[in-house]
Amino acid sequence: MLNTENFSFDDVQKAHLRIAPHVARTPVMRSQTADNLTGAKLFFKCESFQGTGAFKFRGACNALLQFTAEQKARGVVTFSSGNHAQAIAKAAQQFGMRAVIVMPQDAPVIKVAATRGYGGEVVLYDRYTEDREQIGRRLAQEQGLSLIPPYDHLHVMAGQGTSAKELIEDVGTLDVLFVPLGGGGLLSGCATAAKALNPHCKVIGVEPLAGNDGQQSFRTGGIVHIETPNTIADGAQTQHLGQLTFPVIQQYVDDIVTVTDAQLIDTMKFFASRMKLMVEPTGCLGAALALSGQIDLRGLRVGVIVSGGNVDLACFAALIQQSE
Ligand SMILES: *Cc1c(COP(=O)(O)O)cnc(C)c1O
């Protein structure tokens with residue numbers, strides 16, 4: 001297992017200086033209702049207002065801004081059907097380089113369209129018979145592209161950590177920080193930043209119950225692989241934590257807790273009706289736990305990373321309706 005010496009808060013600080021001119025300093029929102037429900041002071045860091053609608057733009061910018069002139073001339077490749085695809089495509093467009101995105105044939109039409117809209121060249125594959133990582137690596141080799149994976153990359157992790165850094169800089173010390181968890185890019189970066197700024201702050205990763213590989217890994221001390229989980233939290237349908245993210249999570253994270261899809265839907269409704277916020281299911285993971293009463297938060301200052309807002313309107317409506 002890799003040690004964590006090659007990743008520290010210094011990387012997050014440098015990432016922040018590098019990306020600050022290119023990314024949004026997203027707003028922190030409060031809710032009297034949420035505070036009353038929990039007896040805590042909740043601070044929602046709204047990455048739904050980040051470029052491309054999710055925090056992934058931070059990591060993408062931090063990775064591409066460190067390309068050499070030669071890498072920049074050749075371009076970037078990645079595999080993702082979700083927010084990382086759009087983040088890489090938009091960052092590449094902004095920095096004037098080519099981006100090739102490997103996406104499944106059955107990816108939602110709007111996601112393929114959004115990625116193409118940012119100038120990304122989409123390469124489709126059959127996810128039942130082909131391996132996206134292999135295709136990404138092959139394209140990288142054949143065309144001299146640099147591969148930037150969605151979470152298991154030090155520059156990506158450092159970029160994602162700037163979200164927690166901004167939150168703590170803006171609101172002051174926190175007792176607890178809740179962070180959505182997929183492959184662990186966001187959690188590893190945010191935990192590193194939170195513990196450096198605020199050693200007493202507890203950092204909790206939050207996963208969908210159906211895909212609790214992170215929790216299993218955290219408890220057993222080894223990376224657990226699972227089948228693609230069946231959950232509405234499509235940004236957290238990862239099958240395993242990363243070789244780079246896991247040791248950082250082991251070092252800085254206090255616990256990993258799960259929530260159900262029903263809790264995610266309730267939280268989407270809460271955000272929409274009470275806070276006028278459009279949040280995607282995965283973006284609700286941290287808030288769903290904070291609002292659930294599963295953890296006693298009375299009297300505490302609580303940070304919640306609201307990681308993204310990209311949800312198709314018809315899908316949003318269907319989820320809300322099915323729970324009425
Ligand atoms: C990717 C993503 C996550 C999970 O991030 P990881 O770095 O893979 O853990 C959470 N929320 C949203 C909105 C995402 O796009």
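## Ligand surroundings

Of the 15 residues around the ligand, those that come nearest are K56, N83, G182, G184 and S307. The model discussed here is a predicted one, and the contacts described below are computed from its atoms.

Three polar approaches to the ligand can be listed. From N83, a polar atom of the side chain lies 2.8 Å from an oxygen atom of the ligand. The backbone takes part at G185, where an N or O atom lies 2.9 Å from a ligand oxygen atom. At L186, likewise, a backbone N or O atom is placed 2.9 Å from an oxygen atom of the ligand. The ligand taken alone exposes 380 Å², of which the protein buries 97%.

## The six-stranded sheet

One open sheet is formed by six strands in the order β1-β2-β10-β7-β8-β9, and its pairing is mixed. At its edges stand β1 (28-29) and β9 (255-259), each of which pairs on one side only. Helix α8 (residues 154-171) packs on this sheet and touches β1, β2, β7 and β10. The direction of helix α8 makes about 145 degrees with that of β10.

Strand β10 (residues 301-306) is mostly covered, with five of its six residues buried. Strand β2 (residues 41-46) runs parallel to β10 and is joined to it by six bridges; within this pairing, L42 stands opposite V302 of β10. Strand β7 (residues 176-180) also runs parallel to β10, through three bridges, and here L177 is set opposite G303 of β10. Strand β7 is further joined by five bridges to strand β8 (residues 202-208), again in parallel. In that pairing V176 faces K202 of β8. Strands of a sheet pair through backbone hydrogen bonds, in either a parallel or an antiparallel manner.

## The four-stranded sheet

A further open sheet contains four strands in the order β5-β4-β3-β6, with parallel pairing. Its edge strands are β5 (121-125) and β6 (146-147), and each of these pairs on one side only. Between strand β4 (residues 99-104) and β5 there are five bridges, in the parallel sense. The bridge partner of V102 in β5 is V123.

Helix α5 (residues 83-94) packs on this sheet and touches β3 (76-79) and β4. The direction of helix α5 makes about 165 degrees with that of β4.

## A85 in helix α5

Which residues does A85 contact, leaving aside its neighbours within four places in sequence? They are S80, I101, M103 and T115. A85 is found in helix α5, the helix that packs on the four-stranded sheet and touches β4. Strand β4 covers residues 99-104, and I101 and M103 are among the contacts of A85.

A85 counts as buried because its relative accessibility is 0%, whereas the cut-off for buried is under 20%. A85 and H153 are 68 residues apart in sequence, and their C-alpha atoms are 15 Å apart in space.

## S217 in helix α10

S217 has its place in helix α10 (residues 213-220). Is S217 buried or exposed? S217 is buried, since its relative accessible area is 0%.

Not counting residues up to four places away in sequence, S217 touches G222, I223, V224, L241 and F246. One of these, V224, also takes part in a polar approach: its backbone nitrogen lies 2.9 Å from a polar atom of the S217 side chain.

## K72 in helix α4

K72 lies in helix α4 (residues 69-74). With a relative accessibility of 38%, K72 counts as partly exposed, because partly exposed is the class between under 20%, for buried, and over 50%, for exposed.

The contacts of K72, not counting residues up to four places away in sequence, are F67, F95 and M97. K72 and Q50 are 22 residues apart along the chain, and 24 Å separates their C-alpha atoms.

Notes
Residues are numbered from 1 along each chain as its sequence is written. This is a predicted model: local features need pLDDT of at least 70, side-chain atom pairs count only at pLDDT 80 or more; totals for chains, interfaces and linings use all residues. Side-chain values use heavy atoms; hydrogens and water are left out. Buried means under 20% relative accessible area, exposed over 50%, partly exposed in between (1.4 Å probe, protein chains only). Helices (H or I, at least four residues) and strands (E, at least two) are DSSP runs, numbered from the N terminus. Two strands pair if DSSP finds at least two bridges between them. Contact means heavy atoms within 4.5 Å. Axes are lines fitted to C-alpha atoms, for helices over the stretch in contact, and angles run from 0 to 180 degrees between N-to-C directions. A polar contact is a pair of N or O atoms within 3.5 Å; within protein, one must be able to donate a hydrogen and the other to accept it, and residues adjacent in sequence count only if both atoms are side-chain atoms. A residue is near a molecule or strand if one of its heavy atoms lies within 4 Å of it. Accessible areas come from the Shrake-Rupley method with a 1.4 Å probe; for residues, only the protein chains shown count as cover.
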